[in-house]
Amino acid sequence: MTLESDVRSWEPQPTQGSARAWEQLAERENPPAPQYAPSTWVKLFEPPTAFSFDEAWLLCQCADNKWLAWIPDYGEILLNENEFCHEFCTVS
């Protein structure tokens, strides 16, 4: 039995569609890096109670701007990103 074609010599033919797709991919902007990450402490603008800590430990991101967090002596809470900032920010 003989082989009618030589697979090693085959090369794909470039097409306009695939070239344009690569150009579009290169033109895309990279998505912004997340501002917060799980397992980090954040400063709360307004603690949930007068007796709770003003810091929270981020557990996981639940939506685009919502985080599940843990506050010492309070427990778990769902926070919006506008309710906290990085630990090193100044809260007035």
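**The E3–E4 hairpin and the sheet around it**

E3 and E4 form a hairpin with 3 residues between them, and Asp73 in the turn has a positive phi of about 60°. The model discussed here is predicted.

Colleague: Over how many bridges do strand E3 and E4 pair?

Modeller: Strand E3 covers residues 66-71 and pairs with E4 in the antiparallel sense. Within this pairing, Leu68 stands opposite Leu78 in E4. The number of bridges between E3 and E4 is 6.

Colleague: What is the order of the strands in the open sheet?

Modeller: The protein chain has 1 helix and 5 strands, and along the sequence these follow the pattern α-β-β-β-β-β. The open sheet has 5 strands with antiparallel pairing. Their order is E4-E3-E2-E1-E5.

Colleague: Which strands stand at the edges, each with a single partner strand?

Modeller: The order of the sheet runs E4-E3-E2-E1-E5. A strand at the edge has a single partner strand, so one side of it is left without a neighbour in the sheet. The strands in question are E4 (75-80) and E5 (84-86).

Colleague: By what angle are neighbouring strands of this sheet turned against each other on average?

Modeller: The value is an average over neighbouring strands of this sheet, and direction is ignored. It comes to 45°.

Colleague: Which residue in E5 does Val42 stand opposite?

Modeller: Strand E1 comprises residues 41-44 and pairs with E5 in the antiparallel sense over 3 bridges. The residue in E5 opposite Val42 is His86.

Colleague: Which element gives the largest share of the largest nonpolar core?

Modeller: The largest nonpolar core has 12 residues, among them Tyr36, Val42, Trp67, Ile77 and Phe84. The elements that give two or more residues to this core are E1, E2, E3, E4 and E5. The largest share, 3 residues, comes from E3.

Colleague: Leaving aside neighbours within four places in sequence, which residues are in contact with Ile77?

Modeller: Ile77 belongs to the largest nonpolar core, as do Trp67, Ala69 and Ile71. These three recur among the contacts of Ile77 when neighbours within four places in sequence are left aside. The full set is Pro48, Trp67, Leu68, Ala69 and Ile71.

Colleague: Is Lys43 buried or exposed?

Modeller: The place of Lys43 is in strand E1, and a polar contact of 3.4 Å joins its side chain to that of Asp54. The relative accessible area of Lys43 is 19%, and the cut-off is under 20%. Lys43 is therefore buried.

Colleague: Is Ser52 buried or exposed?

Modeller: Ser52 lies in the loop between E1 and strand E2 (55-61). Leaving aside its neighbours within four places in sequence, Ser52 is in contact with Pro47, Ile71 and Tyr74. With a relative accessible area of 10%, Ser52 is buried.

Colleague: How many disulfides does the count give?

Modeller: The sulfur of Cys60 has its closest cysteine sulfur in Cys62, at 4.4 Å, which is too far for a bond. The cut-off for a disulfide is 2.5 Å. Both residues count as partly exposed, Cys60 at 32% relative accessibility and Cys62 at 47%. The count comes to 0 disulfides.

Colleague: What percentage of the residues in the protein chain is buried?

Modeller: The protein chain has 92 residues. Those under 20% relative accessible area are buried, including Ser52 and Lys43. Buried residues make up 17%.

Technical notes. Residues numbered from 1 in each chain as written. Predicted model: local features only at pLDDT ≥ 70, side-chain atom pairs only at ≥ 80, totals over all residues. Heavy atoms only, no water. Pairing = 2+ DSSP bridges. Helix = DSSP H or I, 4+ residues; strand = E, 2+ residues; numbered from the N terminus. Axes fitted to C-alpha atoms, helices over the stretch in contact; angles between N-to-C directions. Buried < 20%, exposed > 50% of the residue type's maximum accessible area, 1.4 Å probe, protein only. Contact = heavy atoms within 4.5 Å. Polar contact = N/O pair within 3.5 Å; in protein donor to acceptor, adjacent residues only side chain to side chain. Core = buried A, V, L, I, M, F, W, Y, C linked by side-chain atoms within 4.5 Å.
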